[in-house]
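Q: Please take a close look at one residue of this chain and its surroundings, and then set it against the sheets and helices of the fold. A single connected account would be best.

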Amino acid sequence: MHDMKKNIRRIFWLYFVMFLVVVVYLGNLILIESATMINSTFNPRLNRNNFTIKRGYIFDAHGNILAESVRSGDIYSRVYPYGNDFAHTVGFIGITKSGVEARHNFTLDNLDFEIIQRIRREFIDGSSLQGDNIHLTIEQPMQSLAAESLRGIRGGIAAIEPQTGRIIAMVSSPDFDPNNIGGIWGDLVADEENSPLLNRAAQGLYPPGSIFKLITADAIMNHMDNYEDFHVECAGTAHFNGESLRCFDARAHGNMNLSDAMKYSCNIFFAAAIIEIGYDKLMESAERMGFNTPHPFDLEFVISRFNMDENADIGEIMQTSIGQGRTLVTPLHMALVTAAVANDGIMMEPYIVERITSHTGRVKWEYGRRQTLPRPSQIFTSQSNADKIKEMMVEVVAGGTGTAARVAGITVAGKTGTAENPAGDAHGWFIAFAPAENPKIALAVLTENTGGTRRALEIARNMLEAYFE
């Protein structure tokens, strides 16, 4: 009898544990994973369109309509008033869905107080069944300016409010007209050379070139006690254990300290400093700055990659220290890094949806979190380091490699980058924030195969001028 009771207890606890496992699994599925599963491209329901419902509006930060449904007979068709400018962010619906249209598909089709809406349509005034509205953080004038700036070249731009992570603009080029997605779909898919469907700002991976020197500078300041006294004589070309390295155009910069090396983008100084402190210190700074780590964001994105390990030889260490090697970044991530410097070393969670409202204007959800990425204990860098990097970036624009981005009456902090590209001409980078004293905007501009930074500097300057006007 005693053994039977013991066996019953064992069976009870076995079933109890199994029940708990099922509860935890279902809870995780409903509370945490549901949004991912609902919006997964593998979900066949995502591509079903209900043309009898007036899909919700998508607005910019100022209330401009970015997407609306227009009635034609008994059905609705989707219209995008700003066309190509928001092709990759707002996205489209048609053969498939992309961008905000895909990510918030079920919100835009959701009928608030559905029973009341259906009663009104059937028995009162025949009004439309209308989904919920999405209000984005993007500012249409800045978005349109950025899109126009990239026309004719491949590239990506991301602009962020440093203190909040609010996305001000995010564009990719080449773009397309979402109003005619059905007619051009075949051409878009077939264009493998330009990949117009790729959101380069969030999904394009590129070598960062010299803009990576912000990360290298942080590692140097953290791990070299006498970094202010560390000097390197730059003759334009240098040799480290048989491996050669040169500065841009083999330009001899002379005697360089950290501030001078940032101002004039001296490759030899940064390589010598990292060899002095060790590759692992650079890896530590890169991982604190979000490399190899996913971060929350509404739209699809890829993770920036820092691939150097303990097997790296001296050549790879040198190249990685100056943003070459196997390091790959997205414009969105480099905008976040730039914003973190502007925000006293704290990287904010990026977001693009400000709130969701019903068809009557009732606020159903509002972005209220202001948390760091990924949490406060993993701060990008110290406030002291951020201040020093900020000072160096100001000098870059005031009298270094970034003078073409100067804006009258505004102190701009920035860094140029020319990223070598084995498949063609070098890519051009420019990252910046302004005003340096009280930053309101941070941005990253990437221009593919432009051979240098001239175009990226010009675009950044125009965007900063427009923003402060």
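A: Helices and strands here are DSSP runs, numbered from the N terminus, with at least four residues for a helix and at least two for a strand. The model is a predicted one.

The residue chosen is R55, which lies in the loop that runs between α2 (34-38) and β1 (58-59). R55 has a relative accessible area of 4%; it counts as buried because that value is under 20%. The side chain of R55 makes a polar contact of 3.0 Å with the side chain of N105. When neighbours within four places in sequence are left aside, N105 is again one of the contacts of R55, together with S69, R78, I93, K97, E101, L108, D109 and G131.

The strand that follows this loop, β1, belongs to an open sheet of six strands with mixed pairing, ordered β3-β2-β1-β4-β11-β12. At its edges are β3 (75-79) and β12 (363-366), each paired on one side only. Three bridges link β12 to β11 (residues 353-357) in the antiparallel sense, and W365 in β12 is the bridge partner of I356. In general, strands of a sheet pair through backbone hydrogen bonds, either parallel or antiparallel.

A second open sheet has five strands in the order β6-β5-β15-β14-β13, with antiparallel pairing. Its edge strands are β6 (167-173) and β13 (413-419); each has a single partner strand, so one side of each is left without a neighbour in the sheet. From one strand to the next, the twist averages 5°. The antiparallel strands β13 and β14 (residues 427-434) are joined by seven bridges, and K415 has I431 in β14 as its bridge partner. Helix α6 (residues 140-150) packs on this sheet, where it touches β5 (155-160), β6 and β15 (441-447), and its direction makes about 25° with that of β6. Helix α16 (residues 454-468) lies across β5, β6, β13, β14 and β15, and runs at about 150° to β15.

A packing of two helices completes the account. The axes of α14 (residues 331-342) and α15 (residues 383-399) come within 8 Å and cross at roughly 110°, which means that α14 is roughly perpendicular to α15. T338, V341 and A342 in α14 meet A386, I389, K390 and M393 in α15. By class, this contact has five nonpolar residues, one polar and one charged.

Technical notes. Residues are numbered from 1 along each chain as its sequence is written. This is a predicted model: local features need pLDDT of at least 70, side-chain atom pairs count only at pLDDT 80 or more; totals for chains, interfaces and linings use all residues. Side-chain values use heavy atoms; hydrogens and water are left out. Buried means under 20% relative accessible area, exposed over 50%, partly exposed in between (1.4 Å probe, protein chains only). A polar contact is a pair of N or O atoms within 3.5 Å; within protein, one must be able to donate a hydrogen and the other to accept it, and residues adjacent in sequence count only if both atoms are side-chain atoms. Contact means heavy atoms within 4.5 Å. Axes are lines fitted to C-alpha atoms, for helices over the stretch in contact, and angles run from 0 to 180 degrees between N-to-C directions. Angles under 35 degrees count as roughly parallel, over 145 as roughly antiparallel, 65 to 115 as roughly perpendicular and the rest as oblique. Ala, Val, Leu, Ile, Met, Phe, Trp, Tyr, Cys and Pro count as nonpolar, Asp, Glu, Lys and Arg as charged, and the others, Gly among them, as polar. Two strands pair if DSSP finds at least two bridges between them.
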